[in-house]
Amino acid sequence: MKTRKSLILLLASLLITACSSPANKPNSKPTELKQASESRTIFSTKSADVNDYLAFAEEYANLSPEAQKQTLNATNQQLATNANDLLQRFKLAMIYALPSSTLQDGQKAQNLLLSILQENQLTNTQNAYAHVLFDYVMALNKASKSGREDEKRIDTILQKNDNLQNKLDSTQQKLASTQQKLEATQQKLEAAQQKIDELKNIEKSMGQREVSPKK
């Protein structure tokens with residue numbers, strides 16, 4: 001919730017700045033505007049306002065995972081009908097970009113936003129919003145890549161530790177086996193020594209009998 005509110009506040013401040021700057025576009029006659037619009041790619045029959053994007057982001061964040069999937073399907077269906085629908089293209093990018101989305105995919109969001117920005121068909125406020133969202137996604141992807149690299153390094157270290165632990169366990173098993181053999185050998189030596197002592201005692205007893213005087 002805090003992340004979403006922070007993003008919305010940041011976007012709002014940029015949008016206010018963009019709205020306050022002049023567009024610096026020459027005036028055109030109605031016929032000229034019509035010809036220009038026909039000669040370029042048309043995003044959508046409806047002029048999407050940035051407030052629509054912010055409203056969608058707020059509503060989408062409160063949806064259940066299943067409802068988010070349904071929203072994704074509906075958005076793709078509308079884009080299948082009109083691939084240049086700017087509102088739906090932004091919605092799709094947000095579905096993949098928003099931190100509250102269970103369908104988050106930073107690379108897809110980055111590609112979608114890059115495609116929108118490269119066409120240079122946006123108003124000042126749309127352009128500001130697209131750049132902020134694009135920068136956010138880039139930072140997210142960079143952090144995700146760094147996290148994956150850290151995980152790989154950690155996995156490598158853990159694997160090495162496991163290998164060392166296995167070697168240590170194997171060495172300890174060999175030592176335990178050697179110790180058992182030593183103990184068994186020691187027991188055999190003690191048993192042999194006991195037999196030797198018994199034989200010596202027998203010999204000593206027999207010798208004493210032989211030298212004892214006859215009565």
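Before starting: helix axes here are lines fitted to C-alpha atoms over the stretch in contact, and the angle between two N-to-C directions runs from 0 to 180 degrees. Keep in mind that this is a predicted model.

**Exercise 1. Work out how α5 and α6 sit against each other, and which residues make the contact.**

Solution.
- Start with the geometry: the axes of helix α5 (residues 86-97) and helix α6 (residues 106-118) come within 7 Å, crossing at roughly 150°.
- Now classify the angle. Anything over 145 degrees counts as roughly antiparallel, so α5 is roughly antiparallel to α6.
- The hand of this crossing is left-handed.
- On the α5 side, the contact uses Leu86, Arg89, Phe90, Leu92, Ala93, Tyr96 and Ala97. On the α6 side you'll find Gly106, Lys108, Ala109, Leu112, Leu113, Ser115 and Ile116.
- Sort them by class and you get 10 nonpolar, 2 polar and 2 charged residues.

**Exercise 2. Take the pair α3 and α5: are they parallel, antiparallel, perpendicular or oblique?**

Solution.
- The axes of helix α3 (residues 50-61) and α5 come within 10 Å, and the crossing angle is roughly 40°.
- The roughly parallel class covers angles under 35 degrees, and the roughly perpendicular one runs from 65 to 115. With its angle outside those classes, the pair α3 and α5 is therefore oblique.
- As for the hand, α3 and α5 cross in a right-handed way.
- From α3 come Asp52, Tyr53, Phe56, Ala57 and Tyr60, and from α5 come Leu86, Leu87, Phe90, Lys91, Met94 and Ile95.
- The class count is 9 nonpolar and 2 charged residues, with no polar ones.

**Exercise 3. Describe the packing of α4 on α5, then find the residues that meet there.**

Solution.
- Angle and distance first: α4 and α5 pack at about 150°, with axes 9 Å apart.
- The crossing is left-handed.
- Thr71, Leu72, Thr75, Asn76, Gln78 and Leu79 are the α4 residues, and they meet Gln88, Arg89, Lys91, Leu92, Ile95 and Tyr96 of α5.
- This contact splits into 5 nonpolar, 5 polar and 2 charged residues.

**Exercise 4. Place Leu92 and Leu86 in the model: are they buried or exposed?**

Solution.
- Begin with Leu92, a residue of helix α5. The cut-off for buried is under 20% relative accessible area, so Leu92, with 8%, is buried.
- Setting aside residues up to four places away in sequence, Leu92 touches Leu72, Thr75, Asn76, Leu79 and Leu112.
- Along the chain, Leu92 and Ala109 are 17 residues apart, yet their C-alpha atoms lie 7.7 Å apart in space.
- Next comes Leu86, also in helix α5. Its relative accessibility is 5%, so Leu86 counts as buried.
- Leu86 and Leu122 are 36 residues apart in sequence and 9.2 Å apart from C-alpha to C-alpha.

**Exercise 5. Contrast Asn141 with Asn120: which is buried and which is exposed?**

Solution.
- Asn141 is found in helix α7 (residues 124-211). Its relative accessible area is 15%, so Asn141 is buried.
- Beyond neighbours within four places in sequence, Asn141 is in contact with Gly106, Gln107 and Gln110.
- Asn120 lies in the loop between α6 and α7. Exposed means over 50%, so Asn120, at 67% relative accessibility, counts as exposed.
- Check the backbone as well: phi of Asn120 is near 50°, a positive value in a residue other than glycine. Most residues other than glycine have a negative phi.

**Exercise 6. Summarise the whole chain, and say where the confidence is lowest among its elements.**

Solution.
- Count the elements: 7 helices and 0 strands. Along the sequence, that reads α-α-α-α-α-α-α.
- Of the 215 residues, 25% count as buried.
- Take the contacts with a separation of 6 or more: residues 24 or more positions apart account for 70% of them.
- Average pLDDT is 77, and 72% of the residues score at least 70.
- By element, helix α2 (residues 30-39) has the lowest mean pLDDT, 35, while helix α4 (residues 65-81) has the highest, 96.
- Over residues 13-46 the pLDDT is below 50, and this stretch has 32 contacts in the model beyond near neighbours in sequence.

Definitions and conventions
Residues numbered from 1 in each chain as written. Predicted model: local features only at pLDDT ≥ 70, side-chain atom pairs only at ≥ 80, totals over all residues. Heavy atoms only, no water. pLDDT = per-residue confidence, 0-100. Helix = DSSP H or I, 4+ residues; strand = E, 2+ residues; numbered from the N terminus. Contact = heavy atoms within 4.5 Å. Left-handed = near helix turned anticlockwise from the far one by under 90°. Nonpolar A, V, L, I, M, F, W, Y, C, P; charged D, E, K, R; others polar. Buried < 20%, exposed > 50% of the residue type's maximum accessible area, 1.4 Å probe, protein only.
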